[in-house]
Amino acid sequence: MARELWKGNIAIAEAAVRAGLEAYFGYPITPQTELLEYLAMRMPELGRVFVQAESELGAINMVYGAACTGVRVMTSSSSPGISLMMEGLSYIAGTEVPMVLVDVMRGGPGLGNIAPAQGDYNQIVHGGGHGDYRPIVLAPSNIQEAIDLTMLAFDLAEAYRAIAVVLLDGSLGQMMEPAEMPPMRPLKTTYPDWAVRGAIGRERRVLSSIYLDPPLEEEANLRILRRWQQIEANEVRYKGYYLEDARFVVVGFGTAGRVALSAVRAARAEGIPVGLFRPITVSPFPDQVLRQLADQVEGFLVVEMNTGQMLEDVLRAIEGHAPVEFFARLGGVMPLPEEVLDEIKRMTTAPLTMDGHPRERWLQRMLQPA
Amino acid sequence: MTLAEMETLVYARPASLTEMPTHYCPGCTHGVAHRLIAEVIDEMNLRERTIGVASVGCSVFAYNYFDFDWVQAPHGRAPAMATGVKRVLPDRVVITYQGDGDMASIGMGEVVHAAARGENITVFFINNANYGMTGGQMAPTTLPGQKTTTSPRGRDVETQGYPVRAAELIATLEGASYVVRRSLHDPKNIRLAKKAIRLALETQVRGLGFSLVELLSICPTNWGMTPVQSLKWLEEHMIPYFPLGDYKIHPAVAEIKV
Ligand SMILES: Cc1ncc(C[n+]2csc(CCOP(=O)(O)OP(=O)(O)O)c2C)c(N)n1
Ligand code: SF4
């Protein structure tokens with residue numbers, strides 16, 4: 001297969017089509033709209049389902065209905081639209097039906113802006129919807145990875161009867177890069193034994209998230225939790241760069257990880273022994289690998305495009321075994337590689353501390369520019 | 001057929017209903033509506049092809065009582081969920097069963113747009129002028145002056161607004177092909193309601209677009225009346241505000257002979 005130039009949003013849409021997407025429901029919102037527009041053309045062309053819903057509430061519940069039939073379904077949106085989907089996501093998790101969600105994050109809270117940000121980390125990773133569930137969350141940092149992870153998202157969602165999210169920000173959605181699109185996979189012809197498709201020659205089936213009897217709800221919660229434990233055991237993914245001899249490690253996901261990689265390369269060129277750890281699954285979070293790294297390195301620098309939502313997960317993972325520093329840009333402002341490089345240099349020259357919170361120290365530095 | 005056989009036939013449970021006794025209060029017309037829908041599905045031989053979308057309200061467990069496939073939607077979202085099912089499985093018969101709080105309040109957006117798109121689904125809309133399941137609060141269909149737990153002095157239209165006539169509203173949409181209001185307060189009207197249910201499902205089976213049957217119903221428990229008093233109250237108070245009738249009959253539906 002040849003490498004072609006693909007725009008992020010469209011690459012994800014086509015990857016979903018090739019993964020066997022049978023029904024897509026969505027609502028316009030920048031910066032993911034090209035995905036919706038592309039599928040408005042592409043899905044009917046293939047005789048597959050495309051509906052522009054009346055709202056994200058409508059879209060997620062159409063996804064819910066379609067998911068109950070056992071086919072591959074997807075919706076996509078951006079931060080404010082994702083907020084509106086939380087009710088449906090919780091029901092889908094509670095009913096244990098698979099779906100894929102693409103969140104092309106923008107600046108917030110509120111209406112915010114349409115610039116790239118990572119403020120949805122908590123709402124996606126730590127579950128904005130009610131009740132006990134955890135989605136699988138895949139965070140690409142380039143277009144090829146966006147394609148591959150979209151394909152993977154469908155497989156994982158189906159294998160674990162779970163919600164799989166492709167989490168990216170507006171800059172990746174809009175960016176053009178050469179990438180290889182995998183071949184078209186055939187559509188499913190058999191459906192799982194829970195799928196509701198009409199009781200033709202069989203006992204009726206019911207798909208619901210209601211367990212009025214608390215012990216039964218407890219059982220459902222435990223079933224979902226056990227499946228999550230399998231996901232944690234089998235599906236953690238991350239990418240390390242220059243880690244073998246690294247004395248310092250930058251941690252960042254998605255675009256923040258991509259910017260950090262440029263900074264790390266620049267630092268290496270200057271002989272600074274720094275590496276990059278980029279979680280690909282931010283849920284399940286690569287706790288164990290980070291914990292091991294913590295024993296080998298002198299310090300971490302977490303870089304995000306939010307106020308340190310993943311930072312809390314990093315701190316939890318390394319259990320105080322290494323000092324952590326933090327750097328972020330907010331509200332749709334992209335961090336620059338030079339800024340991250342400065343932070344790397346500061347970290348590798350100034351004494352590091354375990355006292356206080358990295359977010360506090362970062363805020364202090366922000367308030368008194370050098 | 002002997003007389004005894006005929007008797008058993010009269011009381012036979014429709015095949016589309018399960019054996020499970022319902023949890024509805026004595027006299028509640030949810031049971032009547034269930035039975036009518038099941039009978040029509042039997043008569044049209046649709047049981048194996050039908051997929052129900054239950055809503056949130058007293059009928060949340062509707063899926064326990066009908067012997068076909070069901071999914072269960074979040075409060076108000078049944079028409080969106082039904083859209084998802086129907087678009088993937090266009091040759092199945094997809095119905096929603098929704099109360100007035102569910103459909104005409106929290107779910108008004110979903111039902112209006114399903115109708116506007118001409119989604120080929122059927123909505124059974126139970127209008128009992130209050131929120132039954134949560135204990136008798138004001139619904140969008142609560143009549144002016146009607147007492148509920150959240151309109152304790154009677155619905156004051158100055159501050160609480162006016163009841164929604166859902167059938168009339170939805171009938172204005174081009175995508176809606178069959179929209180009628182019937183009542184379940186006496187045998188004659190129950191027969192007319194059954195005929196409407198039949199026409200609604202015929203509309204869907206023939207691919208003619210969105211259909212909705214509003215059924216005026218009673219909630220004796222929360223109205224604080226006996227079932228008999230409730231039926232009378234429905235007739236005397238609800239019908240004048242919610243006139244029975246056909247609000248939209250697409251010419252192609254008008255041709256259907258059953
Ligand atoms: C999002 C959400 N809000 C509120 C509720 C609580 N709730 C459950 S049933 C119901 C009202 C149902 O009334 P109606 O649709 O009129 O049906 P009935 O019970 O009268 O048959 C409400 C408000 C809920 N389940 N979900
Ligand atoms: S509360 Fe009202 S609507 Fe609900 S089952 Fe009882 S009588 Fe019927």
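Let's start with B:His34, which counts as buried because its relative accessibility is 2%, well inside the cut-off of under 20%. Keep in mind as you look that this is a predicted model. You can find B:His34 in helix H2 of chain B, the helix that covers residues 30–43. What does the side chain of B:His34 make a polar contact with? Its partner is the side chain of B:Tyr97, at 3.3 Å. Leaving aside neighbours within four places in sequence, B:His34 is also in contact with B:Leu17, B:Tyr24, B:Ala62, B:Tyr65 and B:Phe66, as well as with B:Tyr97 itself.

One of those contacts, B:Tyr24, leads us to ligand 2, since B:Tyr24 is among the residues that surround this ligand. The others around ligand 2 include B:Cys25, B:Cys28, B:Cys58 and B:Cys219, together with B:His30 and B:Asn128. Which helix gives the most to this shell? It is helix H10 of chain B (residues 220–223), with 3 residues. If you sort the shell around ligand 2 by character, you get 6 nonpolar residues, 5 polar ones and no charged ones.

Now move to ligand 1, which lies between chains A and B. There are 17 residues around it, and those that come nearest are B:Cys58, B:Asp100, B:Asp102, B:Gly132 and B:Met133. B:Cys58 and B:Gly132 may look familiar, as both also belong to the surroundings of ligand 2. Helix H5 of chain B, residues 100–106, gives the most to the shell of ligand 1, contributing 4 residues. This shell divides into 5 nonpolar, 9 polar and 3 charged residues.

Let's look at some atom pairs here. An oxygen atom of ligand 1 is 2.4 Å from an N or O atom in the side chain of B:Asp100. For the side chain of B:His30, the distance from an oxygen of ligand 1 to an N or O atom is 3.0 Å, and for that of B:Asn128 it is 3.1 Å. On its own, ligand 1 has 590 Å² of accessible area, and the protein covers 77% of it.

Our last stop is charge. Side chains of opposite charge can pair when their charged atoms come close. Across all chains, a search of the whole structure finds 46 salt bridges. One of them joins A:Arg42 to A:Glu45, with the closest N and O atoms 2.8 Å apart. Because these two are 3 residues apart in helix H2 of chain A (residues 33–45), about one helical turn separates them. A:Arg42 is buried, at 13% relative accessible area, whereas A:Glu45 is exposed, at 52%.

A salt bridge can also link parts of a chain that are far from each other in sequence, as with A:Glu158 and A:Arg72, whose side chains meet at 3.0 Å, N to O. A:Glu158 lies in helix H6 (residues 143–160) of chain A and A:Arg72 in the loop between helix H3 and strand S4, so the pair ties together parts that are 86 residues apart in sequence. A:Glu158 counts as partly exposed, at 28%, while A:Arg72 is buried, at 9%.

Back in chain B, the side chains of B:Glu202 and B:Arg206 meet in a salt bridge of 2.9 Å. B:Glu202 is buried, at 6% relative accessible area, and B:Arg206 is partly exposed, at 44%. Both belong to a network of salt bridges that also links B:Arg35, B:Glu39, B:Glu43, B:Lys194 and B:Arg198.

Note on methods. Residues numbered from 1 in each chain as written. Chains lettered and ligands numbered in written order. Predicted model: local features only at pLDDT ≥ 70, side-chain atom pairs only at ≥ 80, totals over all residues. Heavy atoms only, no water. Near = heavy atom within 4 Å. Nonpolar A, V, L, I, M, F, W, Y, C, P; charged D, E, K, R; others polar. Polar contact = N/O pair within 3.5 Å; in protein donor to acceptor, adjacent residues only side chain to side chain. Areas by Shrake-Rupley, 256 points an atom, 1.4 Å probe, with all protein chains shown as cover. Buried < 20%, exposed > 50% of the residue type's maximum accessible area, 1.4 Å probe, protein only. Contact = heavy atoms within 4.5 Å. Salt bridge = Lys/Arg side-chain N within 4 Å of Asp/Glu carboxyl O.
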